[in-house]
Amino acid sequence: MRIIYVDVDTLRADRTTPYGYHRRTTPHLRKLADKSVTFDRYYCSDSPCLPSHTALTSGQFGTATGVIGHFGPAAQFRPDAGHGPEPDRPLLGQRLGTTE
């Protein structure tokens with residue numbers, strides 16, 4: 001299986017060609033979407049963006065990873081107090097890198 005993971009921050013889907021926008025704003029994204037799976041609904045688990053991206057790739061809420069903001073300690077996995085990557089739950093990139 002081949003996976004191309006596209007995660008775009010701060011882009012309204014209704015302003016892209018694959019989601020019906022009348023202007024040709026994203027023709028390359030349209031070509032990719034024509035041969036791919038797209039999603040009409042997505043709900044983020046965390047806010048702002050960095051904690052949300054971390055949750056998506058780790059499978060854990062920001063309260064579990066310690067990533068709850070954009071800068072400094074709030075933007076880092078915190079191994080203290082039980083925060084950090086779970087050994088039995090690899091990050092998305094780690095999981096995609098394994099062969100089974």
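Which residues form a nonpolar patch on the surface? In this predicted model, the patch is made of I3, Y5, Y42, L56 and L96, which together have about 510 Å² of accessible area.

## Overall make-up

The protein has 4 helices and 0 strands, and read along the sequence its elements follow the pattern α-α-α-α. Of its 100 residues, 20% count as buried, a class that takes in residues under 20% relative accessible area. The protein exposes about 8,000 Å², and carbon and sulfur atoms supply 56% of that area.

Among the contacts in the protein with a separation of 6 or more, residues 24 or more positions apart account for 20%.

## The two ends of the sequence and the nonpolar patch

R2 belongs to the segment before α1 (27-34), whereas L96 is placed in helix α4, which spans residues 92-96. Although R2 and L96 are 94 residues apart in sequence, their C-alpha atoms are 9.8 Å apart in space. R2 counts as exposed, because its relative accessibility is 84%, a value to be set against the limit of over 50% for that class. L96, with a relative accessible area of 46%, is partly exposed.

L96 is also one of the residues of the nonpolar surface patch, where it is joined by I3, Y5, Y42 and L56. Membership of such a patch requires over 30% relative accessible area, and the 46% of L96 is its relative accessible area in this model.

## Threonines in the segment before α1

T16 is found in the segment before α1, and T26 is found in that segment too. T16 counts as buried, since its relative accessibility is 2%; T26 counts as buried as well, with a relative accessibility of 17%.

Each of these threonines has a side chain that reaches a backbone atom. For T16, a polar atom of the side chain lies 2.7 Å from the backbone oxygen of A13, while the side chain of T26 reaches the backbone nitrogen of T17 at 2.9 Å. When residues up to four places away in sequence are not counted, T16 touches L11, Y21, T25, T26 and L29. With its neighbours within four places likewise left aside, T26 is in contact with T16, T17 and P18, so that T16 and T26 appear in each other's lists of contacts.

## Salt bridges

How many salt bridges does the count come to? The count comes to 3, and R12, D14 and R15 are linked in a network of them. Within this network, the side chains of R12 and D14 meet at 2.8 Å, N to O, and the side chains of D14 and R15 meet at 4.0 Å, N to O. D14, which takes part in both pairings, is partly exposed, with a relative accessible area of 36%, and R15 counts as partly exposed at 39% relative accessibility.

R30 forms a salt bridge with D34, and the closest N and O atoms of the pair are 2.7 Å apart. R30 and D34 both lie in helix α1, where they are 4 residues apart, about one turn of the helix. An α-helix has 3.6 residues a turn, so residues three or four places apart point the same way. R30 is partly exposed, with a relative accessible area of 30%.

## The approach to α2 and its buried side

The loop between α1 and α2 contains P48, and the peptide bond that leads from S47 to P48 is cis, with omega near 5°.

Helix α2 covers residues 49-58, and its buried residues are P51, S52, T54, A55 and S58. These buried residues lie on the same side of α2, because they cover an arc of only 165° around the axis. What covers the buried residues of α2 includes α3 (62-65). After α2 comes G59, whose phi is positive, near 75°.

Definitions and conventions. Residues are numbered from 1 along each chain as its sequence is written. This is a predicted model: local features need pLDDT of at least 70, side-chain atom pairs count only at pLDDT 80 or more; totals for chains, interfaces and linings use all residues. Side-chain values use heavy atoms; hydrogens and water are left out. Buried means under 20% relative accessible area, exposed over 50%, partly exposed in between (1.4 Å probe, protein chains only). Helices (H or I, at least four residues) and strands (E, at least two) are DSSP runs, numbered from the N terminus. The arc is that of the directions from the helix axis to the C-beta atoms. Contact means heavy atoms within 4.5 Å. Patches are made of residues with over 30% relative accessible area and no salt bridge: like charges are joined within 9 Å, nonpolar side chains (Val, Leu, Ile, Met, Phe, Trp, Tyr) within 5 Å. Accessible areas come from the Shrake-Rupley method with a 1.4 Å probe; for residues, only the protein chains shown count as cover. A polar contact is a pair of N or O atoms within 3.5 Å; within protein, one must be able to donate a hydrogen and the other to accept it, and residues adjacent in sequence count only if both atoms are side-chain atoms.
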